[in-house]
Amino acid sequence: MYVLIAKQFIRSKVVQLSLLLLLALGIMSVLIGKQFLQKQERTLANVTQHQQAHIARNVELHREIGLLLYYLRFTLIDKPDRIAGLSIGQRDVNPSVQSVTIRTLEAQLHDTDLNNPSNLQSGNLDLGFVIIYLFPLVVIAFLFNLLSEEKEAGTWRLIAVQSNSTLRFLWMKLSVRILLTYCMLGGILLLAYLILSLPVNRQLIAFILVAILYTTFWFAFCFWVVSFQRNSSFNALTLLSAWLILAVLLPASVNNYVANLYPVPESLAAMVKQRERYHEKWDMDKKITMDKFYTHYPQFKKYGVPQETFNWTWYYAMQQMGDDESLKERMAMRAKIKQRENASRWLATVIPTMHTQLLFNDIARTSLSSHLQLLDQTIEFHERLRLYFYPKIFENAPVKSEDWKKFKPEYTRAENNINITFALLPLFLLTFGLASWGVFNFRKTNDA
Amino acid sequence: MIFKIARKELTEIVREGRFRITAITLFALLLAALFVSKSYYTSVNAQHSEAKKNVRSEWMEQGQKNPHSAAHYGTYAFKPKYPLSLIDNGVDKYTGVSIYLEAHKRNEAQYAAAQDQTALSRFGDLTPDFVLIFIVPLFIILIGFNAFTRERESGTLRLLKSQGVSTWKLTMGKWLGLFLPVLFIAIPVYVLAALFLANIKDYGQFSLWALTLLFGVYLIYYAVFINITLFVSSLFKKSNVAFVTLLGIWMVSCLAMPKISTAIADKLYPYPTQVEFEEQIAVDKKKGLDGHNPWNTEAKKLEEETLKKYGVDSVQQLPFNWDGFLMQEGEKHTADIYFKHYQLLKDTYVNQTNVYRSTAALSPFLPTRFLSMAICRTDYTSHWDFANAAENYRIELVGKMNGDMAANSKYGDWDYLADDKLWSSVPDFQYEPASYTTVIRQNTSNLITLLAWLLLSFAALYGAVTKMKTI
Amino acid sequence: MLEAKQLSKTYQGKEALKPTSFTVNKGDIFCLLGANGAGKTTTINLFLNFIQPSRGQALIGEKDVVKEPIETKKLLTYIPENLMLYPNLSGLENLEYFSGLANKKYPKEEFLKFLAEAGLQADAHDKRISTYSKGMRQKVGIALALAKDAQVLLLDEPTSGLDPKASNEFSELLTKLSKKGVATLMATHDLFRAKETGTHIGMMREGNLVEQLTTDQINHTDLEKLYLKHMN
């Protein structure tokens, strides 16, 4: 019986066509993921190599440690996991490598990687995209006429007479479709596992779980719509509209809504303000700057207020003040971005497409919050460098006294502490609710 | 005859609930998009004009200062806002809209809005261009997928043919029957947009001609989708199959193809990484003249040559301030390096653009997307043009500062101060965008591709319907 | 008016219609009888040029339907077994539309007259087709023939599924048209109606036209006997 249903299903041109298209795009997405990982690896290799050359060259060129540190860049890397190839998220906009000098940090935090913005605009065809956008379309194509095709072809009456339970018959049809879709998903994931050489860890398992549950949600949703027993075109239109709303319109609207709710004008304002404050210090009495600096770092008080026209202690104090004085704006902006993130997340819990996208990014550590964490770690890293170099600059230690070779790029890891069970709950509840409602609808008409 | 068929198609479409629901949704979406654009306009404009005013007044009121310090202090160049950018915001979200101009350094535009947004922003923005080039094709498919299949399924096609109507006339009637509803949506949007854009203040010069051109491009694009829809509908027996096929075509051409072309472009012509790029510039800079370091080998060489040229023994005897002159020479050298490296970057970008242009043959979405951005002046080419103008302005500004220092102060006299007179002699940054003739010339290939899509899809439709079987 | 000359159709080596010749003159009602798959619909489709003959010719008004598809269609009206019209348009609108396609223009009253002449009750004229019964739709088909001033009627089992009264009304309309000189070719299973309405009868079996006779040559019982003889 199952074999016959499967045969009848797979022989349909539409099914073959959609499976072929899905497979092609799935493979392509995995290859694109690989390309992304390769590019990232190239960047990291470059960074490591360049940092050494860069430090060596500058150490040769400059005799003053103050001037040398004006130029020296130190690198902090948050290496993307292999699984980032499955869900590239914001990693293409936000760099995984932060390269900073010990001067004012503010502007350095906003450096982006070089990119063709047209590429960013079209976005990435990663596996996450294929699962979130394309799988539902295939599920819709498989299910929209689950029952109506029988009614329209006139076979339904025959089935109703022949089989003991029409619900059982539908379940058989449904399970063939579900099985085939899972096989497809499993196949593509297996390919991804092989091509991207993904490590089997909690992240991968979480990713697979989310992918399966998300696909199941679409099955439940389609089943629910089908359970109202309307004709094929009605179902097709309804399901397609639902897809359009869930996958395209709602995310776009929520994004616009949230961006409007928490506008972030502070970036530009903070930058302009900081320039103003920094430059006015050049003409200010040095004592004012130094006093402020020593309030922040009392341990350096012993270096006093310099008298000469130019002095590195004073220069770095000015740089430090650039950060200290824009701290408020920076915090305000960070708070707004956090609010955006939280508002989006909260709204996303009831919108499966968005929820899944955010979950994928969280799992693959490619979300905005991962980037914000990296920024926080960069701030810490920068502070550590400052505290290490300040006394050396203030004492004008000879350049050669420092072992510059030890400054290799540092690695960090922005951890996402997601409770996967809790994160899956909304998806699970929706799926379960819709499926039960659908079964209820069928039972009702069956009895009548 | 064709009009009669079109009228009947229209009556049918309007009487069916489908059209009413989709049309209302589409209007609601467009209104929402217009509203989003408007609030975006208000906030950006407020920020922009405030920052712009501040930046200029800060420059004018920076008080007495050494000219070179003023060059370090620098200023900002703001990308002008174009009214049409409210329809298609293009890549502005990813490029940023202001560039910091300072001595010795060419900066990239900063504060791309996309950086501060969650991954949701990648689902797209609810902007008019999103609705106009992404959703409207779906609308066309939705009302037209069963144009032929329905007649076939219900048997009216046989009756039609028995009445002796030529299939091509029938097809043209159906074509009009789809095109008119599209016009019914597009024309009010066009009129609304024209009224709205002509009446907003401080947002650049609005050109009705450009808006008309933009809508012309959109209409050609819609015509292509109508052709494809009718073509597919004439090919299949069942509406469901035609629908699923059309959906697949839409998905591939509007969703997948742009992403696939991006991957191909990135694969064939990868961008250098930021680190690589900066390192190469740093290496080149170090090789040459350093304006702030008189002991630098290149600087020494220049000093000898200059002394010889003026027939004096020391830099103090020169008729100008050697420091100012040296710094300007250094500046020129750096500017050349930046020019060289940015040229390389531009080559990569041009190559990538060419990849997009060739993949446009596979999706009508791509040429339309690029034409739309180009007409709205929010494509990457416009951004380059602006960045180049800003760089030229920077070179001019820094040159003026160094020149003033060289001409009006003595060597070693870092206490020389210039005032408002010098600041005001630097004109405000004015940027004249490329003319529309240039824009169209740059996009000839996109235009040709789109027209080729139109002609070929018409030809395919003609071929399909004339061979179409009645039973 | 209608003439088949050695008309035949082969589908992938299988002969759906073997070389067949017959003529339907003005005022004739030629009824094609035969089992399902005997080639009746194929013959009608050939006259409609929906399919092209493998050999031979189908002539309408002495014109070859393949060579002059548009000219020959001007002469005919076609009513299939289940005349499907646009469900969202009213009977009147459908009539106007299909007549318009055939380049026939009349004022509205004229169209209403045709509908009335075809026996459609006046209160249904402005109702949508989706509310019509099958008999009512077939009447719109007749109105179509009237409006087109058709010389030829091609009917593919037009009365199957109609109740006896509707079927009778339909036959009366056919007779009325034939008196105006319309040549009718009708495929049917209804021996009784064929004898009552038809002027000529052709029996088909496996693509062969095995018998041709005029209805006044034979009575009901003999017709049935003859039919069963050919079918077995």
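Begin by selecting helix α1 of chain C in this predicted model, where K40(C), T41(C), T42(C), T43(C), I44(C), N45(C), L46(C) and F47(C) are buried. The helix runs over residues 40-47 of chain C and is mostly covered, since eight of its eight residues are buried. Now move on to N49(C), which follows just after α1(C) and takes a positive phi of about 60 degrees.

Next, show chains B and C together and look at the contact, to which chain C gives 20 residues and chain B gives 20 residues. On the side of chain C that touches chain B, select α2 (69-73), β6 (76-79) and α3 (91-101), which are the elements that give two or more residues to that side. Of these, α3(C) provides the largest share, four residues. If you colour this side of chain C by class, you should find 14 nonpolar, four polar and two charged residues.

For the last stop, stay with chain B and select helix α9 (residues 208-235) together with helix α14 (residues 365-375), whose axes come within 10 Å and cross at roughly 175 degrees. How do these two helices run relative to each other, roughly parallel or roughly antiparallel? Angles over 145 degrees count as roughly antiparallel, and therefore α9(B) and α14(B) are roughly antiparallel to each other.

To see where they meet, display A210(B), L213(B), L214(B), V217(B) and Y221(B) on α9(B), and then T368(B), L371(B), S372(B) and I375(B) on α14(B). The residues of this contact between α9(B) and α14(B) divide into seven nonpolar, two polar and no charged. As you turn α9(B) or α14(B) in the viewer, keep one general point in mind: an α-helix has 3.6 residues a turn, so residues three or four places apart point the same way.

Conventions
Residues are numbered from 1 along each chain as its sequence is written. Chains are lettered from A and ligands numbered from 1 in the order in which they are written. This is a predicted model: local features need pLDDT of at least 70, side-chain atom pairs count only at pLDDT 80 or more; totals for chains, interfaces and linings use all residues. Two residues are in contact if their C-beta atoms, placed from the backbone, lie within 7 Å. Ala, Val, Leu, Ile, Met, Phe, Trp, Tyr, Cys and Pro count as nonpolar, Asp, Glu, Lys and Arg as charged, and the others, Gly among them, as polar. A residue is buried if 20 or more other C-beta atoms lie within 10 Å of its own, exposed if 12 or fewer, and partly exposed in between; C-beta atoms are placed from the backbone. Axes are lines fitted to C-alpha atoms, for helices over the stretch in contact, and angles run from 0 to 180 degrees between N-to-C directions. Angles under 35 degrees count as roughly parallel, over 145 as roughly antiparallel, 65 to 115 as roughly perpendicular and the rest as oblique.
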